Amino acid sequence: MHAEHHEPRNRPRPVTSTPAALPYPSEIDSRPRHGPAGRPPSGERTTSSRHEEHPSFPGIEEPGVGILAGRGGISTGPADHAAPGQPGLADRTGLGEPTDADLADPVAGADHAGAAGTAGTAAAAGRLRTRPAGRAPGGPGGHRAATRGPRRRARGAASAAPAEPAAVGSAGRGHGSPRGVWRADLEASVVVFLVALPLSLGIAVASGAPVVAGIIAAVVGGIVAGALGGVPLQVSGPAAGLTAVVAEIVLTHGWRVACFVTAAAGVVQVLLGLSRVARAALAISPAVVHGMLAGIGLTIVIGQLHVVLGGTAGSSAWDNLVVLPGELASPAVPAAALLGLITIVLTVLWPRLPRPVSAVPAPLAAVSAATVVSLPFDVPRVSLPDNLLGAIALPELPTGGAWGAVVLSVLTVALVASIESLLSAVAVEAMHSGPRGDLDRELLGQGAANTLSGLLGGLPVTGVIVRSSTNVQAGARSRRSAILHGLWMAGFALLLAPVVVRIPLAVLAGLLVVIGIRLVDLAHIRAIARHGELAIYLTTVLGVVLLNLLEGVLLGIATALLLALRRTLVAPVHVHPPTTPGSPWRVVVEGALTFLSLPRLSRRLAEVPPGAPVRLDLATDYLDHGAHSMLDGWIAERHRAGAAVTVDPVGTGPLALPSGPVGPQQGGFLSSLLGVRPGGRHARAQPPRWLAPWSSWQHGQDHDRRHLLNGVDEFHHRTAPMIEPYLTELTAGQSPSTLFITCSDSRLVPNVITSSGPGDLFTVRTPGAFVPGPQTVGDSTLAAIEYAVAVLGVRTIAVCGHSGCGAVNALFDRDALGAVPGAESLRNLRAWLRHGEPAVARAERAAGGLPADADELSRISVAQQLVALRELSVVRRAEAAGRLHLVGMWFDIATARAIVLDEATDRFEVPSVSLAPALESGQRLADATGS
């Protein structure tokens with residue numbers, strides 16, 4: 001298969017010495033003589049504020065076209081480009097590194113790396129040119145970011161970059177002054193403290209650790225991780241996700257060794273942060289992560305139900321599950337079970353109460369109310385040492401042969417804490433529009449907090465999504481909120497310890513039951529099921545519950561890798577019986593066809609009856625030697641049996657059957673050795689067939705009717721099933737939005753260059769895309785225009801010219817048409833070309849002669865056709881009523897670039913408007929993709 005690559009043509013344009021202005025006839029009396037505000041009078045040079053390169057055409061320096069500013073006129077001139085040695089685009093625009101003001105705006109800050117600004121100056125008034133298109137320095141998206149340059153610079157000049165973001169919390173608070181920021185952080189810290197207090201106590205009890213260990217972890221997590229972490233609004237502390245791990249370590253090695261494990265895990269986290277591998281940790285499948293959290297949640301629920309019933313949780317989830325039915329039938333402490341039930345009900349129902357009652361955090365309200373109810377009862381309660389500071393226990397080194405198990409525990413705590421913190425950080429980042437955090441620095445902060453927490457006798461620390469989301473929703477503006485929350489925890493432990501000892505253990509266990517149930521998120525399960533990853537989720541859940549956390553996660557990762565390997569290397573094979581008598585069987589192979597697919601491929605190929613004709617559609621992007629050999633053998637076998645086999649290589653890696661030796665031009669020795677696919681990463685991808693010409697996929701055939709018939713057959717097989725739903729909706733009639741008037745040239749495909757489909761364009765194709773004058777009667781083009789505007793009610797009329805237009809060439813070179821054999825008989829064509837004479841006259845009046853080449857005349861003609869349209873009464877009335885808009889377009893065939901006439905600036909420009917709306921706050925990828 002051969003493909004031609006057309007390099008951009010850099011054709012120098014001669015500069016006319018005295019460019020003249022030729023006004024639009026329809027604008028002579030209506031347009032102000034000095035032009036709208038902000039536009040210079042005719043004859044002055046203008047500076048283009050949006051001169052840029054289009055990202056799809058790097059390096060193109062194509063002279064172009066523009067329409068006169070001021071009174072409107074046309075002539076030609078070269079495009080201006082920065083000479084070598086001149087300042088770069090970023091230097092000339094004043095765009096350097098992004099400021100916090102840039103980053104605080106997700107719209108303006110999203111494409112900062114690709115921002116483009118002013119580049120060069122426009123040609124003298126009266127010149128027509130196209131601003132060159134290509135990629136702006138700094139990355140893709142330059143054409144879009146260029147329009148944001150002035151807005152971005154205004155922001156940068158208006159405010160200096162603060163040390164902390166000025167607005168990263170709730171958008172509605174509007175605290176701009178330092179006092180307002182402090183007040184917002186203070187209010188948020190109190191709310192987070194009220195949420196974190198019962199959670200910290202409950203997690204400590206569930207972990208089998210001293211209650212004071214939960215308070216220490218909350219204090220250290222808030223102050224140390226809050227001050228050193230890379231995500232300012234994340235709040236850290238003891239997390240339910242590590243409850244099962246810590247409980248097992250405490251049960252096996254004792255509490256003081258568990259403190260050593262926590263401190264050592266913190267050191268590992270610091271090393272991970274220094275190694276800058278934080279992003280790599282996010283490569284774990286979300287199904288594994290959510291399965292891990294769900295498994296932890298179920299483990300917590302199963303264990304804490306025993307505490308709710310007045311008993312004691314066992315050492316494993318399975319043991320707890322086995323004895324749970326008996327305890328449910330006969331609770332050890334009925335009063336404790338009642339208190340636990342009250343806590344569960346209040347925690348679930350409290351947020352549904354009317355404000356201001358529901359403004360109190362549900363965990364605090366539930367624990368407080370249940371504790372008050374418990375005062376008359378004799379139930380197990382929280383125990384605290386008389387001297388909290390004296391109860392701080394230093395870590396203890398393991399003894400004997402326990403080092404291997406302890407090292408494994410250290411790695412487990414470090415990895416789980418890191419993953420949970422990073423996932424929480426990513427979730428927090430999505431909740432606000434401020435500067436993005438530094439995940440490597442966040443790991444450093446979490447590691448430092450865990451090291452200190454372990455040394456002081458505290459639980460492991462992670463970023464906690466419950467507290468972090470509360471922090472953001474409460475209006476926190478900086479890391480001060482997390483730090484203050486840690487200080488409130490320390491003050492409470494030192495001053496209000498007598499209150500803590502009145503809390504029943506069953507109440508804290510009831511709170512943890514609700515937290516554990518919420519870790520099993522049904523929304524996540526549905527999303528995972530939609531993506532076909534439910535097996536990964538369930539494997540991880542069962543592994544965590546029945547084995548342990550590390551083994552469960554490893555099982556989930558292994559399952560995810562196996563599924564990914566299967567999807568990547570096992571190609572789908574579909575066998576379709578004949579749809580009509582005499583038609584062939586169809587075998588469709590998709591994806592990467594490797595040796596792993598051979599068993600399935602052989603089984604599906606055997607479904608085709610012997611002797612039946614077969615059409616083999618290879619929609620593959622890779623075909624290895626084993627699959628190639630199997631297909632060769634299968635085809636040869638069917639040929640020997642007298643069956644017809646048609647091979648259709650649909651994919652981007654076409655198969656040449658029968659197989660032959662690979663020549664040197666198809667890949668070097670190293671590529672063959674390493675399994676690199678031919679073409680490499682610089683190979684140009686082939687377009688789908690509905691965008692490609694017949695000659696690119698119909699080989700070995702003359703240009704006769706078979707091309708047409710093969711194209712219709714291809715439409716039935718591939719395109720028709722995709723567009724059938726749209727055509728079905730259009731059976732009642734058409735309601736196009738645009739009348740598209742363009743040339744009859746076969747190289748111009750309106751639906752391709754406008755990315756439109758059935759029902760969008762009402763298309764009129766004429767040689768040269770000329771519009772006859774109103775004095776013409778009975779012309780089919782005018783009839784189509786009247787029908788489109790008056791009957792169909794189109795909202796837009798687009799006139800599209802193009803490069804290398806034969807009709808315009810005939811106008812440009814009057815002798816060329818006469819040299820065509822049989823030209824004397826082309827009466828109708830000669831008569832039609834008279835409709836292009838106004839464009840020629842316009843150009844001659846402007847420059848005293850014809851333009852430099854026919855393409856410039858073609859662009860002038862597009863502008864002239866808009867004038868001709870406005871002379872039609874039906875168009876003039878609709879445009880005056882605001883029901884219709886006219887658009888001029890010109891298509892450069894060599895560069896596949898469409899430029900649009902902007903009548904406000906009188907220039908042809910590459911359109912930079914995105915029709916895809918940006919996702920609004922709270923929307924997800926599924927909202928954009930419809931998945």
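1. S409 is a convenient place to start: leaving out residues up to four places away in sequence, this serine touches I249 and V261. The model is a predicted one, and the contacts discussed in this note should be read in that light. S409 belongs to helix α15, and with a relative accessible area of 13% it falls under the 20% limit and therefore counts as buried.

2. As for the whole protein, the model contains 36 helices and 12 strands, and 46% of its 931 residues count as buried. Of the contacts between residues at least 6 apart in sequence, 78% join residues that are at least 24 apart. The exposed surface comes to about 44800 Å², and 62% of that area is supplied by carbon and sulfur atoms.

3. One example of a contact between distant parts of the sequence is offered by T262, which is placed in helix α9, residues 255-274. Its relative accessibility is 4%, so T262 counts as buried. T262 and G458 are separated by 196 residues in sequence, yet their C-alpha atoms are 8.2 Å apart in space. Once the neighbours within four places in sequence are set aside, T262 is in contact with N450, T451, G454, G458, L459 and P460.

4. Helix α23 runs over residues 549-569, and for its 21 residues a rise of 1.5 Å a residue predicts a span of 30 Å, which agrees with the 30 Å between its end C-alpha atoms. The buried residues in α23 are L549, G552, V553, G556, T559 and A560. These residues cover an arc of only 125° around the axis, which places them on the same side of α23. Such a pattern can be read against the general geometry: an α-helix has 3.6 residues a turn, so residues three or four places apart point the same way.

5. What covers this side of α23, and what does the other face carry? The cover over the buried residues of α23 includes α8 (243-253), α11 (286-308), α15 (403-429) and α22 (534-546). On the face turned away from the buried side, α23 carries the exposed residues L561, L562 and R566. Helix α15, named here as part of the cover, is also the helix in which S409 lies.

6. The region after α23 can be described from its strands. Strand β3, residues 573-576, pairs with β4 in the antiparallel sense over four bridges, and V575 stands opposite V587 in β4. Strand β4 and strand β5, by contrast, run parallel and are joined by nine bridges, with A619 in β5 as the bridge partner of E590. Between these two strands the chain passes from β4 through α24 to β5, and the resulting β-α-β crossover is right-handed. Strand β4 is mostly covered, in that seven of its nine residues are buried.

7. Helix α25 comprises the 16 residues 625-640, and the distance of 22 Å from its first C-alpha to its last is close to the 22 Å expected at 1.5 Å a residue. Its buried residues are A627, H628, L631, D632, W634, I635 and R638. They occupy an arc of only 170° around the axis, which puts them on the same side of α25. The cover over these buried residues includes β4 (585-593), α24 (598-605), β5 (614-623) and β6 (645-649), so that, given a contact limit of 4.5 Å between heavy atoms, members of the β-α-β crossover described above are in contact with this helix.

8. The opposite face of α25, turned away from the buried side, carries H625 and R640, both of which are exposed. The helix is followed by G642, a residue whose phi is positive, near 85°.

9. Is R638, within helix α25, buried or exposed? At a relative accessibility of 7%, this arginine of α25 counts as buried, since the limit is 20%. With neighbours within four places in sequence left aside, R638 is in contact with V608, P609, P610, G611, A612, V614, A643 and V645. Among these partners, V614 is 24 residues from R638 in sequence, and the two C-alpha atoms are 9.2 Å apart in space.

Technical notes. Residues numbered from 1 in each chain as written. Predicted model: local features only at pLDDT ≥ 70, side-chain atom pairs only at ≥ 80, totals over all residues. Heavy atoms only, no water. Expected span 1.5 Å × (residues − 1). Buried < 20%, exposed > 50% of the residue type's maximum accessible area, 1.4 Å probe, protein only. Arc of directions from axis to C-beta. Areas by Shrake-Rupley, 256 points an atom, 1.4 Å probe, with all protein chains shown as cover. Pairing = 2+ DSSP bridges. Right-handed = clockwise from strand over helix to strand, strands pointing away.
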